[in-house]
Amino acid sequence: MRKLLIIIICVLTCPIYAQKISKKYVNAPISVALEDINSMQNKYAINFIYNELEDFKVTAIIHNKSVTDAIQQLIGFYPIKMTQMSNSILVECIQKTNNRYKGRIIDEKNEPAEFANITLLSAADSTIIGNGVSNESGYFAIPCDAKKVIAKVSYIGYKTFKKTYTNTDIGIIQLHPAQMIIKGVTIKANRPQYKMVKGGMTINIENSLLSDVGTASEVLALLPRVSFDKQSGKASVFAKGEADIYINNKKVNSAADLTRLKSDEIKSVDIITSPGAEYNATVQSVIRIKTIKKQINGISISNSSNISNNSKTSGYNDLTLSYQKKGLELFTDIFFSNRNFIQDCDSKTKMLFDNYQLQQNVNFVGNNRWANISSELGINYDIDKDNSIGLSYTLDKNTFGHYKENGTYDILRNNIIENSIVMTNNTNSQNGPNNEINLYYVGKIGHIGIDFNSSYYSCKASSDSHTEEINQESENRKTNTHSNNNNRMIAEKLVMNYSLKNIGTISWGTELTHTKSLGEYEIKEGYVDNSQDNIKENNIAGFAEFEKQLNNWNFNVGMRYEYLASRYYSFGIKQDDLSRCYGNWFPSISVSWNKDQCGIQFNYEVKTQLPTYRELENDKQYDNQYEYECGNPSLNKSIIHNFETTMTLSWLNISAGYSYIKDAIMWTSYLYNGKEINYAIFMNYPHKQNVNFSIIMSPKFAWYQPTFEAMYNQQFFNTKKYGASINLDRPNIILNLKNMFKISDSFSAIFSTEFDSYGDDGFFRGSPYWDTNFSIHKSFFNKALSINISANDIFNTQRTNRKQYSKQIITQNKFNLHDHSIGMTITYNFNEYHTRYKGTGAGNEEKRRM
């Protein structure tokens, strides 16, 4: 029995002694050392990405240490993290970049300089973009993707070394002794909140309180100059209109993309108010989200659920599954939403005739319920550190869409009630299935960088509406309408770039788009004509840009040419007068200066606004017997000249801009054939001008970060010349205060309030409003579980109140969209990382038009 006990003790203790590591490494890659340690023991499975760690070399003597202590000794000062989970050890670089600046530090005797500090500075503005420490052999490796850096080496007792490099292989740096008397040194480093980038500014998220607000949707809602709608996932930049949103170069096409991205995964956000020649000429603003890359092997799961109530209950659920091994990644996402919302409307329309006026007073309540499901499936593969390919497929369809409206219409002739109408409307809508396929390749062939994207997109939408009008003084009406829209698009985009040593960087490319749009509108009772429109468009674009960095100055010049050929068919017959072909040049110029935390930039660009396919359709939509809406196939595109200057100083940003819009597209109304019918339509007007100004202040304290915005926008457009009874030139002023509080590492709160004067735009004049919002965010289990609770429009003060002044018609609309609501979002992440999909998509503006 005693012998058996001794044998058992020996068996149990032998593996324990086998776990002790003793080994010497001389200038060996960490990946090789980890392989070696993994083969020397059997207690842990050591996981890492070989290519990610091979540039980090170690010189060390490990003596009788445990596996974990041995790995920690190897890591040293490198930006590498070790995570232990039961019997599994994960070793990963926490700074994910494609390139690393590496070299060796020696002293005057050619001996290794251990623990020398190496700092990489931006060649543009000398800000810190990387840090490192040399090891026992003097070797260092610092992750950094900048193409040009200033390397600064500090070592006690030696002169500071400073030199500019464009090659990541720095080589050997020899230091020289210095005689110094040090009385005392205080070093402080401040990362600027705002910083200039080409065509706009970048906002640091990783090192701000914005990293704790929850999701990318919450981040966008708090950005300066940005107005964000969480339900649609669309963002507008002040004075620039709707923005294209990208996450790591992938175009965002749904709110789900922003919901699944967590705020603590975001490194920075670029707000581009003057996009260059690479972007479609219709794009006036771009928001680019850059993430902190997290790459692991294995399965990753993330689930987010939301519920909100504004007298109606809405919610969504988003589930993301992914698998990654080395350079391969498979991912899928399923998103389901169910939305209910109410809108109340109080509308008054005056139609002015020579000897009398007719007034229509409308009051209705609309209930809308919409359920939607979308799914995405994709694959990415990194061929090597410079080349990557990927494919994704998205399917989207609504499972339920119903709108019900109940209202009353009072008709007054010279302020005397002539007729009262009770109206009910029931509309059933079907969207989808919508299909989208995207293919991309990002890489290098020789010294030429290539970014290729190809897309196929198809979307369907149909609706059937039944309306009943019960008249007190005239015949009752029943109206049944049917509409159907079917759109398809094929597009490709190719961007290439090449760096000319000591001269600059050139980039060039093409974008081709082929689109078909079919629209049908039928009213069975024949109150207006039926329509069937078929639009076929081919858009061919070519562009080139040249960029030069000269000390603290950056110069960028670009040119884009777009040729659009459009054929318009009505009931299968080509309409030559409505078919058109035209080409335009779109130049862009950007000049900026950056130094330390200060920067100034000047931009000029030419852009265009294309009418949507819905606006081009030749149908007359029947609203009621006194109101029609119509498309306009004769609409021309607008040409927009934008001038902008911007200044940043750490947490202060000031900008001013001017726009001249030729053939401006605006919504207006007139009397239909002189009858008592309000006919609403989009039309072109010769020109319109806008000026805008904004000032943003966002100082950052330890636990508190306020952001104050003051924005001013004013149009110059002679509305009286086109029939309006007044001149509409009142400015729109927005004042916004956002307060962010970091209560602890896992607990944050936001309180914001906004005043909007709602000034004049086109033929519309708005009335002021204000609203207040509050939210708290709490995370648990090292941010694996998070809860976000929000209260929107706390005091129920947000309203839309606008008057439209058109020729012989004045309309006032008061809307309450019931934004007064409370909601909660719960998110759980297992082994989560963010997808590395690098495609940008093609034909993105055509998708928006469709």
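**Close-up views: charged pairs, backbone details and surface**

**View 1. Lys738 and Glu709 form a salt bridge in which the closest N and O atoms are 3.0 Å apart.** Lys738 belongs to strand β42 (residues 732-744) and Glu709 to strand β41 (residues 704-716), so the pair ties together parts of the chain that are 29 residues apart in sequence. A salt bridge here is a side-chain nitrogen of Lys or Arg within 4 Å of a carboxyl oxygen of Asp or Glu, and strands (E, at least two residues) and helices (H or I, at least four) are DSSP runs numbered from the N terminus. Lys738 counts as buried, with a relative accessibility of 3%, and Glu709 likewise counts as buried, at 2% (buried is under 20% relative accessible area, exposed over 50%, and partly exposed in between, with a 1.4 Å probe and protein chains only). Elsewhere, salt bridges with shared partners join Arg413, Glu418 and Glu676 into one network.

The model is predicted, and local features need pLDDT of at least 70 and side-chain atom pairs 80 or more, while totals for chains, interfaces and linings use all residues. Residues are numbered from 1 along each chain as its sequence is written, and side-chain values use heavy atoms, without hydrogens and water.

**View 2. The side chains of Arg560 and Glu562 meet in a salt bridge, with an N to O distance of 2.7 Å.** Both partners of this pair are shielded by the protein: Arg560 counts as buried at 2% relative accessibility, and Glu562 is buried with a relative accessible area of 5%. The structure as a whole holds 15 salt bridges.

**View 3. Lys198 and Glu545 are joined by a salt bridge whose closest N and O atoms lie 3.2 Å apart.** This contact links distant parts of the chain, since Lys198 sits in the loop between β13 (194-197) and β14 (200-204), whereas Glu545 sits in strand β31 (residues 531-550), 347 residues apart. The surroundings of the two residues can be read from their accessibility: Lys198 is partly exposed, with a relative accessible area of 32%, while Glu545, at 6%, counts as buried.

**View 4. Ser300 and Ser322 have C-alpha atoms separated by 5.1 Å, although the two residues are 22 residues apart along the chain.** Ser300 is placed in strand β21 (residues 298-309), and with a relative accessibility of 2% Ser300 counts as buried.

**View 5. Gly432 and Pro433 are joined by a cis peptide bond, with omega at about 5°.** Pro433 of this pair is found in the loop between β26 (416-431) and β27 (434-445). For comparison, most peptide bonds are trans, and most residues other than glycine have a negative phi.

**View 6. Asn110 and Asn551 are shown for their backbone angles, Asn110 having a positive phi of about 65° although it is not a glycine.** Asn110 has its place in the loop between β6 (100-106) and β7 (117-122), where it counts as partly exposed at 49% relative accessibility. The phi of Asn551 is near 55°, again a positive value in a residue other than glycine. Asn551 lies in the loop between β31 and β32 (553-570), and Asn551 is exposed, with a relative accessible area of 62%.

**View 7. A nonpolar surface patch is formed by Trp651, Met697, Phe708, Ile733, Leu735, Leu737, Phe751, Phe755, Trp770, Phe774, Ile794 and Phe795, which together have about 980 Å² of accessible area.** Patch residues have over 30% relative accessible area and no salt bridge, with nonpolar side chains (Val, Leu, Ile, Met, Phe, Trp, Tyr) joined within 5 Å and like charges within 9 Å; areas come from the Shrake-Rupley method with a 1.4 Å probe, and for residues only the protein chains shown count as cover. Strands β42, β43 (747-756) and β46 (769-780) each supply at least two residues of this patch, and β42 gives the most, with three. Phe751, one of the patch residues, is located in strand β43 and is partly exposed, with a relative accessible area of 35%.

**View 8. The whole chain, given for orientation, has eight helices and 50 strands.** Its C-alpha trace spans about 110 × 75 × 55 Å along the principal axes, and buried residues make up 50% of the 850 residues in the chain.
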